[in-house]
Amino acid sequence: MGNTFYAIAFDPSHPDTMYVGGFQTGIFKSVDGGNKWKQYFQGLGLLDIHAVAVDPNNSNRVFAGTMGKGVYQSDDGGKTWRFIGIDNGFVYAIKIVNW
């Protein structure tokens with residue numbers, strides 16, 4: 001891939017599925033343990049991604065924390081993204097807590 005990555009997240013329900021994000025990369029996803037990767041950035045752009053998290057209760061819900069552009073959410077396993085908050089926020093970590 002030849003990029004600089006800052007964040008990696010594994011899908012707790014599907015251990016071979018992982019997401020990575022980094023310097024102006026958008027999100028890359030692998031469903032085969034990292035052998036092949038596909039890049040997704042529709043709605044996300046090629047932002048600097050410093051945090052990625054997968055909802056343990058919904059494998060299709062993925063979050064991305066950016067440098068200066070807040071938090072984005074995908075509800076289709078990373079294919080499309082939408083801004084969900086923290087205008088101009090620098091997000092270094094995302095933790096999903098079950099209530």
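How many bridges join strand S3 to S4, and which way do the two strands run? Keep that in mind as you open the viewer, and remember that you're looking at a predicted model.

**Stop 1: S3 and S4.** Select residues 27-30, which make up strand S3, and bring up S4 beside them; 3 bridges join the pair, and they run antiparallel. Now click on phenylalanine 28: its bridge partner in S4 is glutamine 39.

**Stop 2: the whole sheet.** Add the other strands and you'll get an open sheet of 4, in the order S1-S2-S3-S4, with antiparallel pairing. At the edges sit strand S1 (5-11) and strand S4 (38-40), each of which pairs on one side only. Neighbouring strands here are turned by 25 degrees against each other on average, ignoring direction. As a reminder, strands of a sheet pair through backbone hydrogen bonds, either parallel or antiparallel.

**Stop 3: threonine 25.** Next, pick threonine 25, in the loop between strand S2 (14-22) and S3. Is this residue buried or exposed? Threonine 25 counts as buried, because its relative accessibility is 1% and the cut-off for buried is under 20%. Show its contacts, leaving out residues up to four places away in sequence, and you'll find Asn3, Thr4, Phe5, Gln39, Leu46 and Leu47. You've met Gln39 already, as the partner of phenylalanine 28.

**Stop 4: S5 and S6.** Finally, select residues 49-54 for strand S5, which is mostly covered, with 6 of its 6 residues buried. Then add strand S6 (residues 62-66): 5 bridges join S5 to S6, and the two run antiparallel. To see one position up close, click valine 54, which stands opposite valine 62 in S6.

Technical notes: Residues are numbered from 1 along each chain as its sequence is written. This is a predicted model: local features need pLDDT of at least 70, side-chain atom pairs count only at pLDDT 80 or more; totals for chains, interfaces and linings use all residues. Side-chain values use heavy atoms; hydrogens and water are left out. Buried means under 20% relative accessible area, exposed over 50%, partly exposed in between (1.4 Å probe, protein chains only). Two strands pair if DSSP finds at least two bridges between them. Axes are lines fitted to C-alpha atoms, for helices over the stretch in contact, and angles run from 0 to 180 degrees between N-to-C directions. Contact means heavy atoms within 4.5 Å.
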